[in-house]
Amino acid sequence: MPIDRNELRRVMGHFATGVTVITTMNKDGQMLGLTANAFSSVSLDPPLCLISVDKKAESYGSFEESRVFTVNILASDQEALSRKFAVSGGNKFEGVAYRIGANGAPILNGALAYIECKLYAAYDGGDHTIYLGEVQQAEITESKPLLFFRGGYREIGD
Ligand SMILES: Cc1cc2nc3c(=O)[nH]c(=O)nc-3n(C[C@H](O)[C@H](O)[C@H](O)COP(=O)(O)O)c2cc1C
């Protein structure tokens with residue numbers, strides 16, 4: 001019998017992660033972003049990382065349209081940004097401080113790190129699509145990470 005989806009979500013929620021906002025744009029140049037914790041480093045040579053995007057997300061089609069995305073790793077004081085980008089609809093960038101990066105996607109001010117990617121490959125992942133990005137540019141700042149564990153936001157306790 002397949003595992004119940006709520007139980008699967010509960011079990012997966014025991015894997016502590018950081019929190020990112022993935023940004024990109026659509027064919028009209030409109031900026032898009034969504035909160036995501038399905039992010040991983042994949043390869044150093046070539047430099048690759050992956051994200052997994054829900055096929056029902058409003059931003060879904062834009063990853064293959066623009067063929068670029070930027071992973072903004074959120075800092076511990078950016079929980080409100082995480083909540084904002086986890087709700088579909090409207091212009092999520094209103095009132096948000098950002099700049100446009102070299103790949104054309106927004107970089108959020110105050111992020112712990114950002115990783116600018118060019119789309120390298122896309123794979124079917126059930127109700128999600130897994131996008132591999134080739135890292136073009138990346139930068140870190142000195143701050144603490146925002147964490148997500150068992151359905152709640154956390155901070156490193158040191
Ligand atoms: C902590 C957290 C992690 C999330 N991780 C992902 C993820 O990895 N992939 C995804 O597609 N949605 C993820 N979501 C849900 C999206 O942020 C949410 O569906 C969002 O509204 C999608 O935005 P859009 O419809 O404007 O594209 C996550 C939400 C939260 C709060």
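Hi everyone, this is a short walk through the strands of one sheet in our structure.

Before we start, this is a predicted model, so local features need pLDDT of at least 70, side-chain atom pairs count only at pLDDT 80 or more, and totals for chains, interfaces and linings use all residues. Residues are numbered from 1 along each chain as its sequence is written.

Let's take the whole sheet to begin with. It is open, has 7 strands, and pairs them antiparallel in the order β3-β2-β6-β9-β10-β5-β4. Strands here are DSSP runs of E, at least two residues, numbered from the N terminus, and two strands pair if DSSP finds at least two bridges between them.

What stands at the edges? Those are β3 (31–36) and β4 (39–43); each has a single partner strand, so one side of each is left without a neighbour in the sheet. From one strand to the next, the twist averages 35°, with axes being lines fitted to C-alpha atoms and angles running from 0 to 180 degrees between N-to-C directions.

Now for the β4 end. A hairpin of 4 residues takes the chain from β4 to β5, and these two strands pair antiparallel over 4 bridges. One pair to find on your screen is S43 with its bridge partner L48 in β5.

On to β5 and β10. How many bridges join them? There are 7, between residues 48–54 of β5 and residues 128–140 of β10, running antiparallel. Among them, L50 has L132 of β10 as its bridge partner, while S52 is matched with I130 in β10. Thanks for listening!
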